[in-house]
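Biologist: I am new to reading protein models, and I would like a close look at one spot inside this one. Please start with a single residue and its surroundings, then walk me outwards from there.

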Amino acid sequence: TDIFIHGVDQLRRKLWVEAAESMRSVIESDLRRTEPHTPRAFACLGYAYLKLSQDKESIAAYRESVQLHPQLLGACSGLAAALMSAGHDEEAVQAFRAACKVDPDRVQLRFNLGNILARTGHRPEAEQEYRHVLRLEPTHGPTLNNLSALLAQRRRFDEAIELLISIGNSDQLTWRPRFNLGLVLAKAHRWDEAIACLQGVMRDFPACARTRILAARTMRCNRQHLDAIEVLDEFLDWGDLKATAQELLGLIHDDLGNPVQ
């Protein structure tokens, strides 16, 4: 028990190698796997391995924990996370479903399940999970963002816009939802609204290169070429987006019939 408590403390201190050694000692002292802390020791070992990017070992440890204690939520959710980290997405989906059966109303579990369902192309099921989260926590910002993105992918633009606006109404109007709102408005060809939204983001977050790129693209689509040039010309610190900005500027000048520029 003392070694287990010490190992948990090492996990809290992010001493992953030391924590793994402690948990292995706990496990090795219980060859019959009858001690009550052994399933948790396996789960903690799985977590330490996951932090050490040892996915194969993490999955094996979590599987042992689940086998010993199928209702141990940390083991079920940890196994899903380890499978997802290793790229075993379909298995991770099943593991997240199993974890949700243990605790059906855990927001983070439902959110993660929705994310991996969306990533694996199960969009209707992903939407169900996101909406389940919002029934539990209507102002959960990450879910509102991800659900709006999912709806936009399915060309349900009005619903996506409504969700993104609701983030603003719940005082969570930070950079990303405002950028996403501009993006969805542009996808819906609501150019003027999109440009107004993105101009507001540029005003409040002037160092964001992605916003300027999207604003200039939207202005180009709306035939506001000179405005788009101004947005691109006045900004210097493009970073990794420098080539993208230059290409876009070239396309705009091409639209205007300026071959030299």
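Modeller: Let's begin at Ser-148, which touches Ala-160, Leu-163 and Leu-164 once residues up to four places away in sequence are set aside. Keep in mind as we go that this is a predicted model. Ser-148 belongs to helix H9. Is Ser-148 buried or exposed? With a relative accessibility of 1%, Ser-148 counts as buried, because the cut-off for buried is under 20%.

Ser-148 also helps to line the largest pocket, which holds about 170 Å³ of space. The lining has 14 residues, and the closest to the pocket centre are Asn-145, Ser-148, Ala-149, Asn-180 and Leu-183. Which helices supply at least two residues each to this lining? Helix H9 (141-153) and helix H11 (175-187) both do.

From H11 we can step along the chain to His-189, which sits in the loop between H11 and helix H12 (191-204). His-189 is not a glycine, yet its phi is positive, at about 60 degrees. That is worth a second look, because most residues other than glycine have a negative phi. His-189 is exposed, with a relative accessible area of 54%.

There is another residue of this kind in the loop between H1 and H2, namely Lys-14. Phi of Lys-14 is near 65 degrees, again a positive value in a residue other than glycine. Lys-14 comes after H1 in the chain, and at 60% relative accessibility it counts as exposed.

Since Lys-14 has brought us to H1, let's look at that helix too. In H1 (residues 2-12), the buried residues are Phe-4, Gly-7, Val-8, Gln-10 and Leu-11. Seen down the axis, these buried residues of H1 fall within an arc of 155 degrees, so they line one face of the helix. A general rule helps here: an α-helix has 3.6 residues a turn, so residues three or four places apart point the same way. On the other side of H1, Asp-2, Ile-5 and Arg-12 are exposed. What covers the buried residues of H1? Helix H2 (16-28) and H3 are among the parts that do so.

H3 turns up again beside helix H4, where H3 (38-51) and helix H5 (73-85) are among the parts that cover the buried residues. H4 runs over residues 55-68, which makes 14 residues. From its first C-alpha to its last, H4 reaches 20 Å, close to the 20 Å expected at 1.5 Å a residue. Its buried residues are Asp-55, Ser-58, Ile-59, Ala-61, Tyr-62 and Ser-65. They cover an arc of only 165 degrees around the axis, which puts them on the same side of H4. The face turned away from that buried side carries the exposed residues Lys-56 and Gln-67.

Next comes helix H6 (residues 89-102), where Arg-97 is found. Arg-97 counts as partly exposed, at 31% relative accessibility. Leaving aside neighbours within four places in sequence, Arg-97 is in contact with Leu-113, Leu-117, Glu-125 and Glu-129. Arg-97 and His-140 are 43 residues apart along the chain, and their C-alpha atoms are separated by 20 Å. Asp-89 lies in H6 as well. Asp-89 counts as buried, at 18% relative accessibility. With neighbours within four places in sequence again left aside, Asp-89 touches Met-84, Ile-116, Arg-119 and Thr-120.

One last topic is the cysteines. How many disulfides does a search of the whole structure find? The search finds zero. A disulfide is a covalent bond between the sulfur atoms of two cysteines. To count as one here, the two sulfur atoms must lie within 2.5 Å. The sulfur of Cys-44 is 14 Å from the closest cysteine sulfur, in Cys-76, and so too far for a bond. For Cys-100 the closest cysteine sulfur is also in Cys-76, at 10 Å, which again is too far for a bond. Cys-44 is buried, with a relative accessible area of 16%, and Cys-100 counts as buried at 4% relative accessibility.

To return to where we started, find Ser-148 in H9, then look for Ala-160, Leu-163 and Leu-164, which it touches.

Methods: Residues are numbered from 1 along each chain as its sequence is written. This is a predicted model: local features need pLDDT of at least 70, side-chain atom pairs count only at pLDDT 80 or more; totals for chains, interfaces and linings use all residues. Side-chain values use heavy atoms; hydrogens and water are left out. Buried means under 20% relative accessible area, exposed over 50%, partly exposed in between (1.4 Å probe, protein chains only). Helices (H or I, at least four residues) and strands (E, at least two) are DSSP runs, numbered from the N terminus. The expected span of a helix is 1.5 Å times one less than its number of residues. The arc is that of the directions from the helix axis to the C-beta atoms. Contact means heavy atoms within 4.5 Å. On a 1 Å grid over the protein atoms alone, a cavity is a set of points where a 1.4 Å probe fits but cannot get out, and a pocket is an open set with protein on both sides within 12 Å along at least five of seven lines; lining residues have an atom within 4 Å of a point. Grid points are joined across faces, edges and corners, and a volume is the space filled by probe spheres set on the points.
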